[in-house]
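Colleague: Please take a close look at the salt bridges here. Start with the overall fold, then go pair by pair.

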Amino acid sequence: MRVTLVNGAEVSLVSSAPNAVYIAYHWFNADGTALRLDAGRFAITKPIVTGSSRQYMFPIAVPDKAGSYILRVTLVQEWVRWFDENEVGAFADLHIEVPTQTWWTDDTRHSVPYGHIQALNRAALRPFLSHGGLCRPLLPHVETVNICNLKCIICPYAEMTRARETMPMPLFEKIVADYCDMGGGDVVLTPQVGDVLLDKALVERIRFLKRQLAIGSLGFVTNAVNAHVIPDADLEYIINACDRINISVYGLDEEEYAAMTLRPNRYARMVESIQRMLKLNHRCQLVIAARLLKKYEDGFIRNWMAGNFGREFPYEAVTSFGNWAGAIDTSKPLPFDGTWAGPDLAAHLEEGGPCAYPILHLKVVVNGDVQFCSCVDYDSDAENKIGNVTCESLSNIYNGERARRLWRDGLRMCKGCTHRRPIADFVPLARLFEHPVRSLGV
């Protein structure tokens with residue numbers, strides 16, 4: 001869809017912190033009742049000053065069912081207002097007829113590696129999951145380093161047998177070039193295990209990504225601890241080159257943090273590092289991903305953020321943890337209030353059908369191995385490997401026979417996995433497909 005945005009306000013419009021403004025849209029039924037609010041958001045990357053205008057092109061995920069609908073395009077200022085809900089009335093309504101459409105037919109489904117999965121047979125998904133007649137991943141995760149500075153008891157990092165190393169820059173450039181040939185899009189730099197802020201070439205890699213016209217938003221997950229050794233100028237560039245960074249917090253006091261990470265005296269450094277990141281941030285969405293061993297009320301967590309950082313920001317908090325497809329011995333109880341997700345959950349998730357992770361994310365690890373499942377394969381299991389980008393293109397790997405076989409037959413490691421997320425749960429979440437960096441941490 002093409003939209004022209006004219007700024008008649010007295011301030012510039014831009015998607016930068018703390019209260020970023022985004023182009024957004026809602027879907028309503030023909031009678032005006034809400035169908036899907038906040039169905040998608042798109043960044044205003046360069047400021048639109050007062051009295052100026054700019055055109056934007058972006059994909060729209062249409063409703064799944066055929067029928068008559070109203071598409072409303074508007075603006076949203078995060079944590080402040082929707083522009084179609086106040087006296088400004090800054091929105092445009094379009095009446096849309098959605099026909100019955102599918103991605104493939106019985107005659108063409110052989111061309112799609114997962115052509116037997118009907119939940120994905122929707123024309124609305126085709127622009128996001130294919131390019132040039134071939135399928136593509138929604139969001140690549142490129143593991144540039146697999147070294148970590150913590151030893152979390154909920155992570156199998158200590159059990160990893162593959163070499164702890166950093167990805168060579170020529171290999172990284174080859175991966176990015178292959179992804180651009182597949183249509184490009186958003187990129188995530190979260191390691192399978194490890195922390196991206198230990199990558200000494202991170203600034204160079206981000207600068208390279210920013211030079212590629214086909215690359216969209218960037219993001220990653222970090223424990224933030226190593227931020228204290230990165231110079232201000234480099235850290236400021238890293239943060240503001242990204243659209244979203246999830247900060248993994250493993251405790252809200254020294255006792256809890258040390259019990260979770262097996263690294264005493266790192267809690268204060270973590271807090272100081274986040275404070276520094278907040279000070280240097282101008283536009284990136286920072287999110288706290290709290291992985292906790294103690295249960296806290298929402299008010300306590302908000303007070304913790306306000307007390308340490310002078311503000312609240314988006315967060316999620318969990319005290320129940322997955323088994324990394326059986327890699328962790330869950331018979332050993334966790335300290336305090338922490339729990340392991342049980343086998344009943346794994347069985348329930350398996351009943352939900354094929355897992356969404358191979359669709360949502362494609363993992364390329366430090367040596368160029370491409371993993372079918374990006375979720376829990378911390379040690380680059382041979383069963384999960386579908387190719388290596390040093391030998392062939394990412395497109396050939398993703399559309400190759402080995403990937404097709406795993407779509408048909410599944411992975412042994414998926415049995416009993418408590419991280420599994422059925423495809424059917426994600427297909428209705430249009431924003432994940434339109435702006436996949438927002439799915440970071442799913």
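**Salt bridges in their setting**

Modeller: This is a predicted model. With 442 residues, a compact globule would have a radius of gyration near 22 Å, and the protein chain agrees because its own value is 22 Å. The C-alpha trace spans about 55 × 55 × 45 Å along its principal axes. Buried residues account for 54% of the 442 residues. The protein chain exposes about 19,500 Å², and carbon and sulfur atoms supply 52% of that area.

The secondary structure comes to 13 helices and 20 strands. Take one piece of it. Strand S11 (residues 185-188) pairs with strand S12 (residues 215-222) in the parallel sense, over 3 bridges. Val187 stands opposite Leu218 in S12. Helix H3 (residues 202-210) joins in: S11, H3 and S12 make a right-handed β-α-β unit.

Contacts reach far along the sequence. Among those between residues at least 6 apart, 72% join residues at least 24 apart.

Now the salt bridges. A search of the whole structure finds 18.

Arg72 pairs with Asp93, and their closest N and O atoms are 2.8 Å apart. Arg72 sits in strand S5 (residues 67-77) and Asp93 in strand S7 (residues 91-98), so this salt bridge ties together parts 21 residues apart in sequence. The two partners fall in separate burial classes. Arg72 has 17% relative accessibility, so it counts as buried. Asp93 has 34%, so it counts as partly exposed.

Next, Asp253 and Lys294. Their closest N and O atoms are 3.1 Å apart. This pair links distant parts of the chain, 41 residues apart. Asp253 lies in the loop between strand S13 (244-249) and helix H5 (254-261). Lys294 lies in the loop between strand S14 (285-291) and helix H7 (298-309). Here the acid is partly exposed: Asp253 has 26% relative accessibility. Lys294 is buried, with a relative accessible area of 15%. The cut-off for buried is under 20%.

A further salt bridge joins Glu401 and Arg408, with the closest N and O atoms 3.2 Å apart. Arg408 is partly exposed, at 48% relative accessibility. The limit above which a residue counts as exposed is 50%.

Finally, a network. Asp38, Arg41 and Glu78 are joined into one by salt bridges that share partners.

Key
Residues numbered from 1 in each chain as written. Predicted model: local features only at pLDDT ≥ 70, side-chain atom pairs only at ≥ 80, totals over all residues. Heavy atoms only, no water. Pairing = 2+ DSSP bridges. Helix = DSSP H or I, 4+ residues; strand = E, 2+ residues; numbered from the N terminus. Right-handed = clockwise from strand over helix to strand, strands pointing away. Rg over C-alpha atoms; globule rule 2.2 N^0.38 Å. Buried < 20%, exposed > 50% of the residue type's maximum accessible area, 1.4 Å probe, protein only. Contact = heavy atoms within 4.5 Å. Areas by Shrake-Rupley, 256 points an atom, 1.4 Å probe, with all protein chains shown as cover. Salt bridge = Lys/Arg side-chain N within 4 Å of Asp/Glu carboxyl O.
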